[in-house]
Amino acid sequence: MHPKRRPIIAGNWKMNMTATQAKELASKLIPLVAAVKDRDIVLGPPYTALQTVSEMIKGTNIGLSAQNLHWEDKGAFTGEISAEMLLDLGCKYVIIGHSERRQFFGETDETVNKKVKQALKKGLLPIMCVGETLTEREAGKLNDVINRQVTGGLKDLSADDMKKVVIAYEPVWAIGTGKTATPDQANEVHALIRQKVQSLYSAEIAEGLRIQYGGSVTPDNVSQLMAKPDIDGALVGGASLKPESFAALVNFK
Ligand code: PGA
């Protein structure tokens with residue numbers, strides 16, 4: 001953590017939680033994190049639970065995120081969801097380019113970039129995900145992959161827009177596997193990302209950029225991760241699905 005950057009802890013529920021289950025989770029979670037003032041708390045339910053969660057967190061210290069969006073404003077894009085629809089439901093953030101979207105749904109740096117730009121144009125704060133696979137890491141391609149994803153995802157973004165972006169570093173091999181990157185491994189890549197952003201923008205923008213770590217973050221390892229200077233938050237899958245464990249994560253010391 002860095003004194004100038006406000007920590008941001010986000011739960012990515014993925015394709016879990018019906019609206020009914022979401023209501024129960026949110027109602028238990030809200031009181032457990034109500035006293036938190038010095039960090040941002042974000043919930044990312046599936047589209048079908050956004051409305052329910054939005055109503056429940058109104059007036060609380062929790063922000064709402066979607067897990068994806070389409071880059072066009074509206075029209076004949078069956079099955080897709082627009083920025084305006086998300087804003088209308090009270091979303092403030094949107095997760096973009098999660099590795100599962102890249103792996104299973106054909107997202108590329110180019111589509112990620114279009115979505116990031118659309119989110120910013122419409123007033124949503126993007127949480128842009130990057131991260132290497134195990135094969136890429138073992139082949140010594142870590143730096144190349146991260147540089148390519150960061151450069152590609154942020155292409156043509158103005159400096160003012162860049163100030164609103166959160167980047168999530170999620171090594172694919174650590175997602176849902178119980179295999180966390182060590183705090184040093186994670187911090188090393190966070191520093192690399194920050195350096196890349198500095199070279200694309202400025203030292204000031206890089207200093208202000210919040211970079212979350214994601215990949216098997218739990219209440220047991222969050223504090224060691226957050227103790228690292230370039231780690232500014234967590235993007236949490238599995239451990240965000242239980243109110244007690246997500247609250248413990250948010251309340252890390
Ligand atoms: P995990 O997922 O915490 O279950 O590893 C993280 C993510 O994919 O955002």
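Here is a chat about a predicted protein model, from its overall build down to single residues.

Reader: What kind of model is this, and how are residues numbered?
Author: It's a predicted model, where local features need pLDDT of at least 70, side-chain atom pairs count only at pLDDT 80 or more, and totals for chains, interfaces and linings use all residues. Residues are numbered from 1 along each chain as its sequence is written, and side-chain values use heavy atoms, with hydrogens and water left out.

Reader: Cool. How many helices and strands does the protein have?
Author: There are 12 helices and 8 strands. Both are DSSP runs numbered from the N terminus: helices are H or I with at least four residues, strands are E with at least two.

Reader: And why call it as compact as a globular protein of that length?
Author: Because its radius of gyration is 17 Å, close to the 18 Å that the globule rule gives for 253 residues. That radius is taken over C-alpha atoms, and the rule is 2.2 Å times the number of residues to the power 0.38. Along the principal axes, the C-alpha trace spans about 45 × 45 × 35 Å.

Reader: How much of it is buried?
Author: Buried residues are 52% of the 253. Buried means under 20% relative accessible area, exposed means over 50%, and partly exposed is in between (1.4 Å probe, protein chains only).

Reader: What about the surface, how much of that belongs to carbon and sulfur atoms?
Author: Carbon and sulfur atoms hold 53% of an accessible surface of about 11,500 Å². The areas come from the Shrake-Rupley method with a 1.4 Å probe, and for residues only the protein chains shown count as cover.

Reader: Switching topic: how many positive and negative side chains are there?
Author: The protein has 31 positive and 29 negative ones, and the centres of the two sets lie 3 Å apart. Lys and Arg count as positive, Asp and Glu as negative, while His and the chain ends are not counted. Each charge is placed at NZ of Lys, CZ of Arg, CG of Asp or CD of Glu.

Reader: How many disulfides?
Author: The count is 0, where a disulfide is a pair of cysteine sulfur atoms within 2.5 Å. Cys91 is in none, and its nearest cysteine sulfur, in Cys129, is 15 Å away.

Reader: Why no bond for Cys129, and is that residue buried or exposed?
Author: The closest cysteine sulfur to that of Cys129 is in Cys91, 15 Å off, which is too far for a bond. Cys129 is buried, at 1% relative accessibility. Cys91 counts as buried as well, at 5%.

Reader: OK, helix H2. Which of its residues are buried?
Author: In H2, residues 47–57, the buried ones are Ala49, Leu50, Thr52, Val53, Ser54 and Ile57. They pack against helix H1 (19–33), strand S2 (40–44), strand S3 (62–66) and helix H3 (83–88). After H2 comes Gly59, with a positive phi near 80°.

Reader: Where are the other positive phi values, in residues other than glycine?
Author: Met17 has a phi near 85°, and Asp156 has one near 65°. Met17 is in the loop between strand S1 (8–12) and H1, and Asp156 is in the loop between helix H7 (142–153) and helix H8 (159–162). Met17 is buried at 19% relative accessible area, but Asp156 counts as exposed at 61%.

Reader: What does Lys92 touch?
Author: Leaving out residues up to four places away in sequence, Lys92 touches Leu64, Leu124 and Leu125; contact means heavy atoms within 4.5 Å. Lys92 sits in the loop between H3 and strand S4 (93–96) and is partly exposed at 42%. Lys92 and Ala66 are 26 residues apart in sequence, and their C-alpha atoms are 8.4 Å apart.

Reader: How common are links between residues at least 24 apart?
Author: Of the contacts between residues at least 6 apart in sequence, 73% join residues at least 24 apart.

Reader: Last one: where is Gly214, and what does that residue touch?
Author: Gly214 is in strand S7, residues 210–214, and is buried at 0% relative accessibility. Beyond four places in sequence, Gly214 touches Tyr169, Glu170, Pro171 and Leu235. Gly131 is 83 residues from Gly214 in sequence but 9.4 Å away in space, C-alpha to C-alpha.
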